[in-house]
Amino acid sequence: MRIAGRTGGIGIAQVLAVAAGLMASASGAGSQTLAALPAVTIPAATVGEARPVPAWVEFCARYASECAVDASEPAQVTLTPRLWQTVTGINRQVNTSLRAVTDQEHWGVPDRWDLAEDGSGDCEDFQLLKRKLLAQAGLPRRAMRMTVVIDEKGEGHAVLMLRTDRGDLVLDNKTSAVLPWHKTGYTFIKREGDENTRWVSLGRAVSPVVTANR
């Protein structure tokens with residue numbers, strides 16, 4: 001997948017520590033108002049089942065807890081100023097802390113999904129780490145869905161879709177702006193479902209074979 005243009009990187013433990021500070025800061029964000037939140041938009045529609053990315057299946061074999069879906073959790077979150085600060089802060093921190101590198105350069109394979117535990121990764125690794133940190137901050141995993149898109153250059157790319165009462169928002173390593181899905185300029189292909197480990201189609205185009213293009 002396409003990666004952000006960072007050349008330096010830090011370990012995941014340092015990212016976790018900084019993220020913890022962001023969460024603590026967000027806990028005192030009572031002075032923020034609803035006016036700071038994104039406008040309410042229509043969520044992305046699903047149109048049936050889809051095959052998961054092969055590298056995702058391999059990731060789940062290594063990190064089963066990261067792929068588990070708890071049906072008792074809410075499928076979307078209520079976006080508050082405090083939660084918005086946490087989401088945007090973690091998105092920005094991960095984007096600026098990890099060293100961007102393709103899977104071919106990193107692992108010698110075209111596509112591998114990972115948690116960037118050595119401080120390096122490509123697009124899906126950025127998003128998986130964000131989801132891990134947001135889950136530690138109390139967000140339900142069921143509301144955070146890994147999503148495959150075609151980017152502005154026609155290449156496979158992965159983003160994290162946060163499903164909220166104000167619509168589906170996208171966390172991306174290409175930008176630190178958390179945008180409504182329909183304002184990203186991407187073609188949305190498929191994402192994790194919220195009922196079990198299956199994936200669902202977003203009905204826009206044929207899925208890329210891999211999601212690891214530079």
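The expected span of a helix is 1.5 Å times one less than its number of residues. In this predicted model, that rule can be applied directly to helix H4, which covers residues 81-97. H4 has 17 residues, and the distance from its first C-alpha to its last is 24 Å, close to the 24 Å expected at 1.5 Å a residue. The surroundings of H4 can be described as well: 13 of its 17 residues are buried, so the helix is largely enclosed by the rest of the structure.

Helix H6, residues 123-136, may be examined in the same manner. With 14 residues, H6 reaches 20 Å from its first C-alpha to its last, close to the 20 Å expected at 1.5 Å a residue. Burial is again extensive in H6, since 12 of its 14 residues are buried, so this helix too is largely enclosed by the rest of the structure. The buried residues of H6 include the hydrophobic side chains Phe-126, Leu-128, Leu-129, Leu-133 and Leu-134. Charged residues are also among the buried positions of H6, including Glu-124, Asp-125, Lys-130, Arg-131 and Lys-132.

How do these two helices lie with respect to each other? Two packed helices are described by the angle between their axes and the distance between the axes. The axes of H4 and H6 come within 10 Å and cross at roughly 140°. That angle makes H4 oblique to H6, because angles count as roughly antiparallel when they are over 145 degrees. The crossing in which H4 passes H6 is right-handed.

The chain beyond H6 deserves separate attention. Ala-137 is found in the loop between H6 and strand S4, residues 144-150. With a relative accessibility of 32%, Ala-137 counts as partly exposed. Ala-137 and Leu-83 are 54 residues apart along the chain, and their C-alpha atoms are separated by 9.3 Å. Gly-138, which follows H6, has a positive phi near 110°.

A positive phi also occurs at Ala-116, where the value is about 50° although this residue is not a glycine. Most residues other than glycine have a negative phi. Ala-116 is found in the loop between helix H5 (103-107) and strand S3 (120-121). Is this alanine buried or exposed? At 1% relative accessibility, Ala-116 counts as buried.

The aromatic side chains provide a further view of the structure, with 6 aromatic pairs in the count. One of these pairs joins Trp-56 and Trp-199, whose rings are 5.7 Å apart centre to centre with 70° between the planes, an edge-to-face arrangement. The pair links distant parts of the chain: Trp-56 lies in helix H2 (residues 54-62) and Trp-199 in strand S9 (residues 199-201), 143 residues apart. Trp-56 is buried, with a relative accessible area of 3%, and Trp-199 is likewise buried, at 0% relative accessibility. A further pair is formed by Trp-181 and Phe-188, whose ring centres are 5.5 Å apart and whose planes stand at 85°, so this pair is edge-to-face. Both Trp-181 and Phe-188 are buried.

Which residues form one aromatic cluster? The cluster consists of Trp-56, Phe-59, Tyr-63, Trp-113 and Trp-199. Elsewhere, an aromatic ring is paired with a charged side chain: Arg-112 lies over the face of Trp-107, at 3.8 Å from the ring centre.

Two further positions bring separated stretches of the chain into view. Arg-62 belongs to helix H2 and is partly exposed, with a relative accessible area of 36%. The C-alpha atoms of Arg-62 and Asp-114 are separated by 9.1 Å, although these residues are 52 residues apart along the chain. Thr-175 is placed in the loop between strand S6 (167-171) and strand S7 (179-180). This threonine is partly exposed, with a relative accessible area of 29%. Thr-175 and Asn-91 are 84 residues apart along the chain, while the separation of their C-alpha atoms is 8.8 Å.

Note on methods. Residues numbered from 1 in each chain as written. Predicted model: local features only at pLDDT ≥ 70, side-chain atom pairs only at ≥ 80, totals over all residues. Heavy atoms only, no water. Phe/Tyr/Trp six-rings, centres within 6.5 Å; stacked < 30°, edge-to-face > 60°. Helix = DSSP H or I, 4+ residues; strand = E, 2+ residues; numbered from the N terminus. Buried < 20%, exposed > 50% of the residue type's maximum accessible area, 1.4 Å probe, protein only. Lys NZ or Arg CZ within 6 Å of the ring centre and 35° of its normal. Axes fitted to C-alpha atoms, helices over the stretch in contact; angles between N-to-C directions. Parallel < 35°, antiparallel > 145°, perpendicular 65-115°, else oblique. Left-handed = near helix turned anticlockwise from the far one by under 90°.
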